[in-house]
Every structure is written in C-alpha cells, then in structure tokens.
Amino acid sequence: LNDADIMNIVVKKSKRKSGIGSLLLKNIIELCKKLNVSTLFLEVNEKNLPAISLYKKFGFEEVGFRKNYYKENNAIVMKKENL
C-alpha cells in the first residue's frame with residue numbers, strides 16, 4: 001500500500017509553540033518517504049486552527065469534511081500527496 005493515515009499528534013500544552021509539532025510532522029513525512037508512501041491523510045477538528053495551520057504549512061490540503069466527527073464539532077479531512 002502506498003497510503004498512510006496520521007491518527008494522532010499531541011504536544012503537551014506547556015510545550016506548544018516550541019517547534020515540537022513541526023518536528024514530529026517532519027519526521028513522520030520523512031519516514032513515510034522511506035517507506036514509499038505517496039499519500040498521507042489525517043483528520044483534524046475544524047476548531048483546531050493551530051493544527052490546521054501547521055498541516056497547511058507542510059503542504060496538506062483540505063479534501064473532505066466529516067459532520068459531527070468530534071462530538072459537536074466537524075472534522076476536516078486533509079491529505080498530502082507526492083511525498
């Protein structure tokens with residue numbers, strides 16, 4: 001298979017804005033490249049604007065929407081191709 005899903009990336013609140021999220025995502029992408037993954041998917045809470053911004057910074061694009069995926073909030077499905 002050449003697709004992969006990111007299920008969860010979490011950074012402790014007190015450590016946010018220190019580059020840890022970017023480092024984690026960069027390493028995930030590099031590992032996927034080594035494993036010949038060509039498309040990477042994730043879902044993010046539509047209210048999580050910092051995460052959405054991070055994913056867009058790394059080239060992820062919005063491709064779908066899941067209503068009420070996070071209890072009362074919707075999920076945005078994002079993907080990055082051609083790793």
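I will talk through a hairpin with its tyrosines, and then the largest pocket, in this predicted model.

Residues are numbered from 1 along each chain as its sequence is written, and side-chain values use heavy atoms, with hydrogens and water left out. Because the model is predicted, local features need pLDDT of at least 70 and side-chain atom pairs count only at pLDDT 80 or more, while totals for chains, interfaces and linings use all residues.

Let me begin with the hairpin, where strands are DSSP runs of E with at least two residues, numbered from the N terminus, and two of them pair if DSSP finds at least two bridges between them. Strand 3 (residues 61–70) and strand 4 (residues 73–81) run antiparallel and are joined by 6 bridges. The hairpin has 2 residues between its strands, and K71 in the turn has a positive phi of about 55 degrees. Y70 stands opposite N73 in strand 4.

How do the rings of Y69 and Y70 meet? Their centres are 5.1 Å apart and their planes are at 85 degrees, so the pair is edge-to-face, given that rings of Phe, Tyr and Trp (its six-membered ring) pair if their centres lie within 6.5 Å and count as edge-to-face over 60 degrees. Y69, at 41% relative accessibility, is partly exposed, and Y70 is partly exposed at 30%, the class between buried (under 20%) and exposed (over 50%), with a 1.4 Å probe and protein chains only.

Turning to the largest pocket, strand 2 (39–45) supplies the largest share of its lining, 5 residues. Lining residues have an atom within 4 Å of a point on a 1 Å grid, and a pocket is an open set of points where a 1.4 Å probe fits, with protein on both sides within 12 Å along at least five of seven lines.

Note on methods: Phe/Tyr/Trp six-rings, centres within 6.5 Å; stacked < 30°, edge-to-face > 60°. Helix = DSSP H or I, 4+ residues; strand = E, 2+ residues; numbered from the N terminus.
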